[in-house]
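Me: I'd like to learn how to read a few features of a model like this one. Could you walk me through them?

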Amino acid sequence: MKYLCLVYLEEQKLHAVPDAECIACGEGLTNRGLLVAAEALQPTETATTVRVRNGRMSVTDGPFAETKEQLAGFYLIEARDLNDAIQVAAKIPPAREGSIEVRPIRALGPA
Amino acid sequence: MPATDPVREAVNAVYLSDSRRVLATLIRLLGDFEIAEEALHDAFRVALEQWPRDGVPANPRAWLVSTGRFKAIDGIRRLARFAALDDVGDEADIAVDDAAAWADPESVEDDRLRLIFTCCHPALAHDAQVALTLREVCGLTTEEIAQAFLTPAPTLAQRIVRAKAKIRDARIPYQVPTPAELAERLEAVLRVIYLVFNEGYAASSGESLTRHDLSAEAIRLGRLLVELLPEPEARGLLALMLLHESRRAARTSRSGELILLDDQDRSLWDQDQIAEGTRLVEQALASRRAGRYTIQAAIAALHAEAPTAAATDWAEIVGLYDALLGTDPSPVIELNRAVAVAMRDGPAAGLALVDAILERGDLLDYRLAHATRAELCRRLDRTADARASYERALALAKQGPERRFLARRIAELSS
């Protein structure tokens, strides 16, 4: 069985835990054969929301999913830039029912 | 150095004519807005030092790009010596891009389009798109933009900083959109330009009715866009702005009071702007791809051609509003159509349409809906209804001249 462990933090606590500690945690899980993928995210200010309604794509600034929308899945993709990522996101089928938040990955740095 | 120094004047002239182009190219070469802005300032600083000694270079723009680029790379290398971080090394690699790239005139012209499309990228907040465009494309200072939009300067500065951070961190590419994306992306650019124009044309609050500089800036942007990307809707938007702008002198009395279109002295309308606007509308319509800006411009052109309000081709205007509702259905356009119907078929026909919009629950908080209803009731001698609607409009109006206009109408009803 696979489980997704989602990390929630207040914006001002984004760097409360040192990157090195997170890297060590990831390495520990990898050594035990438990880790599939782990990434840190850029702050919500870098987020872009993509929706498709009546076949038309809309792109807006921010992570403004409707409050009644629940996290339902994720795609970790490789894209050249945000335009590329938006094109991919718009083709994810639930984009036409809900919204796809596109958020860049943050590379963990040695503290 | 005296202020009249000819070299210093030459530097200032080049700053005014070319600093935005130089910036646009530096952003491409350096891959970062902040670094490019710093490089631009460094380049002009060096120009002030060197041009008096060595003379103004034959191609000042190319000189500024190459000097700015050199300064930035120098700075990045110096930083790399201190920090020795891998990613700083990467940035230096990006910076030492193809040295000939900046000299290619076609990519240099494209740089200005890249800058416009990046500033108006839909992944940026709408107010950030406007602020960034005025700052980077038009070269307005943060203080000037803040003042024009009645926003505190620190709020505006923060908005610009955030937008630039998002461009960098989310990697918004510095590109002209592909043909497949162009229509949608152009729409965002046109929206930003029209918003700037409207903010200048009819400030939504405050004492001064028009903030001329913003409208002039929007028209300048519109011209630039038509020059760089002659799409029909870009022409349509420029036409629309010019045709509105042509009435500026007639819109307010000497004491700053609002004068409605019907009552304006048409001899005050700017005929050069009308001629240019009309020509652009015809070009845009000939493309057979008329969008909402072109249709609105066509309506404005019909007003501009009419010798009097009564002699306006109202039937044609109603038809254009029908077309506009087809591409862009909105209650505000329905309201405008109702006014045209009132002129064509009489106030009772227009009032029925306005009442239908309000009864549906649309535009209840829109001052012009109530002002229009009041005006139509007044023409029908329904004084009590007119007064109630004028009062409703007055309660919603924020702008000094508009409030005084409505108060005057109410007073006239009583006399």
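**Reading the contact, a helix pair and a residue**

Reply: Sure, and keep in mind that this is a predicted model. Let's start where the chains meet: 10 residues of chain A and 12 residues of chain B make up the contact.

Me: Which elements of chain A each supply at least two residues of the side that touches chain B?

Reply: Those are β3 (56–61) and α2 (82–90) of chain A. Sorted by class, the residues on chain A's side come to 3 nonpolar, 4 polar and 3 charged.

Me: Now helix packing. How do the axes of α16 and α18 of chain B cross?

Reply: Start with the angle between the axes; under 35 degrees counts as roughly parallel. Here helix α16 (residues 331–345) of chain B and helix α18 (residues 367–379) of chain B cross at roughly 15°, with axes that come within 11 Å. So α16(B) is roughly parallel to α18(B). The crossing of α16(B) past α18(B) is left-handed.

Me: And which residues meet there?

Reply: From α16(B) come Leu335(B), Val339(B) and Ala342(B), and they meet Leu368(B), Ala369(B), Thr372(B) and Leu376(B) of α18(B). By class that contact has 6 nonpolar residues, 1 polar and no charged ones.

Me: Last one: is Leu186(B) buried or exposed?

Reply: Count the other C-beta atoms within 10 Å; 20 or more means buried. Leu186(B) has 21, so it is buried. This residue sits in helix α9 (residues 179–201) of chain B. Beyond neighbours within four places in sequence, Leu186(B) is in contact with Glu231(B) and Glu233(B).

Key. Residues are numbered from 1 along each chain as its sequence is written. Chains are lettered from A and ligands numbered from 1 in the order in which they are written. This is a predicted model: local features need pLDDT of at least 70, side-chain atom pairs count only at pLDDT 80 or more; totals for chains, interfaces and linings use all residues. Two residues are in contact if their C-beta atoms, placed from the backbone, lie within 7 Å. Helices (H or I, at least four residues) and strands (E, at least two) are DSSP runs, numbered from the N terminus. Ala, Val, Leu, Ile, Met, Phe, Trp, Tyr, Cys and Pro count as nonpolar, Asp, Glu, Lys and Arg as charged, and the others, Gly among them, as polar. Axes are lines fitted to C-alpha atoms, for helices over the stretch in contact, and angles run from 0 to 180 degrees between N-to-C directions. Angles under 35 degrees count as roughly parallel, over 145 as roughly antiparallel, 65 to 115 as roughly perpendicular and the rest as oblique. A crossing is left-handed if the near helix is turned anticlockwise from the far one by less than a right angle, and right-handed if clockwise. A residue is buried if 20 or more other C-beta atoms lie within 10 Å of its own, exposed if 12 or fewer, and partly exposed in between; C-beta atoms are placed from the backbone.
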